[in-house]
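Colleague: I am new to this structure and would like to understand the reasoning behind the terms used for it. Could we look at it together and take the terms in turn?

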Amino acid sequence: MKKVLLITALALFTSGLLSQDLSYYLPQDVEYNPAIPKPADIIGHEVGEWHVTHDKLVQYMETLARESSRISLENRGETFEGRPLLLLTITSEENHENLEEIRQQHVRITEADLSNAALEEMPVVIYQGFSIHGNEPSGANAGMAYAYYLAAAQGEEIEAMLGNTIILMDPSFNPDGLQRFAYWANTNRSMHLNPDNNDREYHEVWPGGRTNHYWFDLNRDWLPAQLPESRARIKTYHRWMPNVLTDHHEMSTNATFFFQPGVPSRVHPLTPSENQRLTREISKFHAAALDRIGSLYFTEERYDDYYYGKGSTYPDVNGGIGILFEQASARGHIQETDNGLLSFPFAIRNQFSTAMSTFKAANELRTDLLTYQRNFYKNNRLEASIGRSRAIIFGDNQDAARTWHLAEILNRHKITFHELSSDLTLGNKRYRKGSAYVVPLNQKNNRLIKAMFEKRTSFKDSLFYDISAWSFPLAFNMDHSELRSMSAAGAEVTELEMPAGAIDDQSTYAYLFEWGEYYAPRALNKILEKDIRVKIAKSPFTIDGNQFEYGTVLIPVQNQEMSAGEIYDLLSQIADEDHLRIHSVSTGLTQGIDLGSSEFKRIKKPKVALIVGKGIRSYDAGEIWHLFDTRYNMRITKIDLDYLVETDLSEYTDIILPGTRGKTGLTDQVAEKLQAWTNEGGQLIGYRNAVKWLEEKSFMEVHFRQDTLVAKNISFGEKSKFKGAQETGGAIFNTRIDRSHPINYGYKNNTLPVFRNSNVYLEPDKNSFNNPIRYTASPLLSGYISEENLKLLKNSVPFKSAKLGKGRVTIFTDNTNFRAFWYGTNKLLMNAIFFDQMM
Ligand SMILES: [Zn+2]
């Protein structure tokens, strides 16, 4: 009996924590407008009782916008799963009436040297965003209480604050992830809440709700801007130029609460020290808010302000202040932790409180923040007018589409650039008009340009929360040079149009196109899907005065299932859709290999599978899925490790094993299954640390270079720093490539920058022709690597391919598809897929 009572008491207690009504979050010393609906009136449960699904979140925000004259709502696009990307603009009714005028005046701060008196009159602009990681949902759930407060609170204080502030509220930075996690947490919730950490509720299935639809970490995409969610945000950012941007996250369950400033020695050098001073000023408001409700917190540890592709760092190079919040995660509804029971409402209340303290801080520091923003751009303009380099030119004379994609990123960040006025040769680099752009450094965003183009190899600290290098011309493998004047510049680009393709007149003999163009694999796949016979040139040749490189695609007209007319129509369409230049020829006679030569190799239509599931890094798998599905329009079958062993693999020509995480799922049965399939003629492509598993299971003979570092004079207290310094968190290295090897077809230079964030080092083969990609003797181009690891890397190889039975095993130690913006090495994977028979 006693036991029953105790259980009932615990049940009441734990469910009590979850049935908090709105007053648990809200300030109680103000009146609330009864005409404004509370979240529970619309979504059917209290905030924190269940995890709000994205559709219900939308429903509530739409209701608020309808009912409150302080709130307007816009939909800025949609996610891959078709969910709206909402933005609420929240300010006084009066400001709403002149909103466009206020916006234009605000943006003028970044363009003109406004007086202090002018700044005094202006509202401050804050951009508050929630739960960019979908399984860190306390932010998005707190957003409902916060939006309610902003809509419903009455009195002079709130009126005055709203009069002085424009709040841009992004209720869910990652709708698809939020939805995925809400489904998980809600479907596993017990009626009698169970705080036992072992409960399934707290152990999400792969890939979890952190990422977006294609499993990308959206909080790394603020600078590359490759994903729809980021693109909507960046547009809002530059439309408004906010003074403060906040990014509400969650961290591990046993932690407390973090707010910036982060680790002082790990601030990017392009971020002004005044930015950190203001961050510190703002932090006092967060501290006071959390002190008031008794919540523990920490600052200046663990998190940094380095990589500008994060939400809390991107503003720092754009005249604003970015703030990161991290709340210990209940990862469900309630969990036992080192700090006692951690309930979802408790997490939500901390997020609510810091959203409120941001609003308050921005108000109190309004003129400081506006002055800082003015001075940031004033200093930028000053810096831009000095220095010997006046511009940067970039372009690939054989790949207008890839060049365009880099220009597109600049365009999204409102960096201005020009056409090239006429073809230009600088040293060994040739820039072609129409396939190159000139970026003047004398413009307001010159600091951002620096952040995107610079190469950096010396650092104050050897620890990085994320990557240490992201130089865009290297990521794109793009020729680029500094210019001393703007004399090569043509008209400023105001409408950035994707370069058009072209095709010659119809031929009765053959068509040719070069493999160097970014979308050539997409075109080739379309042609193969129509069962048209295609051959690939193993050597360069010249025909009709045009030179063709390794890997040129040959489509003979005769003896195909399609008629000459149908082939021409298809290729015309492909030239247009895939931005290619397709040549028609009327003779097979060339200088070099003739078109009937056996140096042209027939290739077959691939059918590709991708191994996914527990044990695989979902980021790596998602990047590959996204690349095939959205860039090259190629079907790729995701096969989960759960059922791989029972699957008939015989139809697949290629199977990709992405980077792994632990060894769960990679059983001996999986190894046997893949070995049998490879022996029968398939190609298995392994990435990063999967290489170690492939070696262990005898798929391939690989010799690793091992690091033999031992700690000398390193104390226990310095251990984690010592170990951290040996991590290559992400840096860029130079390789020398053998262009005659099929893995390198389509590359016009003899060197290729690659991105590396692994510690796997391969000895080169003793036969040089088996080392088509090899790190140079001084490979570091940009980013941090320890001296010891650099020694291991020098002259090692990131790629290897060898026969296994009738099939082949191909390995890459580096990520060729990193975060959807590493355009420069995407072709390596495509070459492995299409040209493995030629290796
Ligand atoms: Zn996070």
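Colleague: In what order do the three strands of the open sheet stand, and is the pairing parallel or antiparallel?

Modeller: Bear in mind that this is a predicted model. The three strands of the open sheet follow the order 31-30-32, and their pairing is antiparallel. From one strand to the next the twist averages 35°.

Colleague: What makes strand 31 and strand 32 stand at the edges?

Modeller: Strand 31 (751–756) and strand 32 (773–782) each have a single partner strand, so one side of each is left without a neighbour in the sheet.

Colleague: How do you know that strand 30 and strand 31 pair?

Modeller: Two strands count as paired if at least two bridges are found between them, and strand 30 (residues 731–737) and strand 31 are joined in the antiparallel sense over six bridges, so the requirement is met. As one instance, A731 has R756 in strand 31 as its bridge partner.

Colleague: Why is the arrangement around the zinc ion called irregular?

Modeller: The protein donors are H133 (ND1), E136 (OE), E136 (OE) and H249 (ND1), lying 2.0 to 2.7 Å from the zinc ion. A tetrahedral arrangement of four donors would need all angles between 85 and 135 degrees, whereas the four donor atoms here subtend angles of 54 to 154°. Square planar would need opposite donors over 155 degrees apart, which the range of 54 to 154° does not reach, and the arrangement is therefore irregular.

Colleague: What makes E136 and H249 a pair that ties together separate parts of the sequence?

Modeller: E136 lies in the loop between strand 3 (124–130) and helix 7 (138–152), while H249 belongs to strand 5 (residues 244–251), so the pair links parts that are 113 residues apart in sequence. Both E136 and H249 are buried.

Colleague: Why is R819 called buried, whereas D423 is called exposed?

Modeller: Buried means under 20% relative accessible area and exposed means over 50%. R819 has 16%, so it is buried, and D423 has 52%, so it is exposed.

Colleague: How do you know that a polar contact joins the side chains of R819 and D466?

Modeller: The cut-off for such a pair of N or O atoms is within 3.5 Å, and the polar contact between the side chains of R819 and D466 is 2.8 Å. R819, placed in the loop between strand 34 (807–812) and helix 24 (826–835), also touches other residues, including F216, Y307 and E623.

Key: Residues numbered from 1 in each chain as written. Predicted model: local features only at pLDDT ≥ 70, side-chain atom pairs only at ≥ 80, totals over all residues. Heavy atoms only, no water. Helix = DSSP H or I, 4+ residues; strand = E, 2+ residues; numbered from the N terminus. Buried < 20%, exposed > 50% of the residue type's maximum accessible area, 1.4 Å probe, protein only. Contact = heavy atoms within 4.5 Å. Polar contact = N/O pair within 3.5 Å; in protein donor to acceptor, adjacent residues only side chain to side chain. Axes fitted to C-alpha atoms, helices over the stretch in contact; angles between N-to-C directions. Donors = N, O, S within 2.8 Å, 3.2 Å for Na, K, Ca; no water. Tetrahedral: all angles 85-135°; square planar, octahedral: opposite > 155°, others 65-115°. Lists of a residue's contacts leave out its neighbours within four places in sequence.
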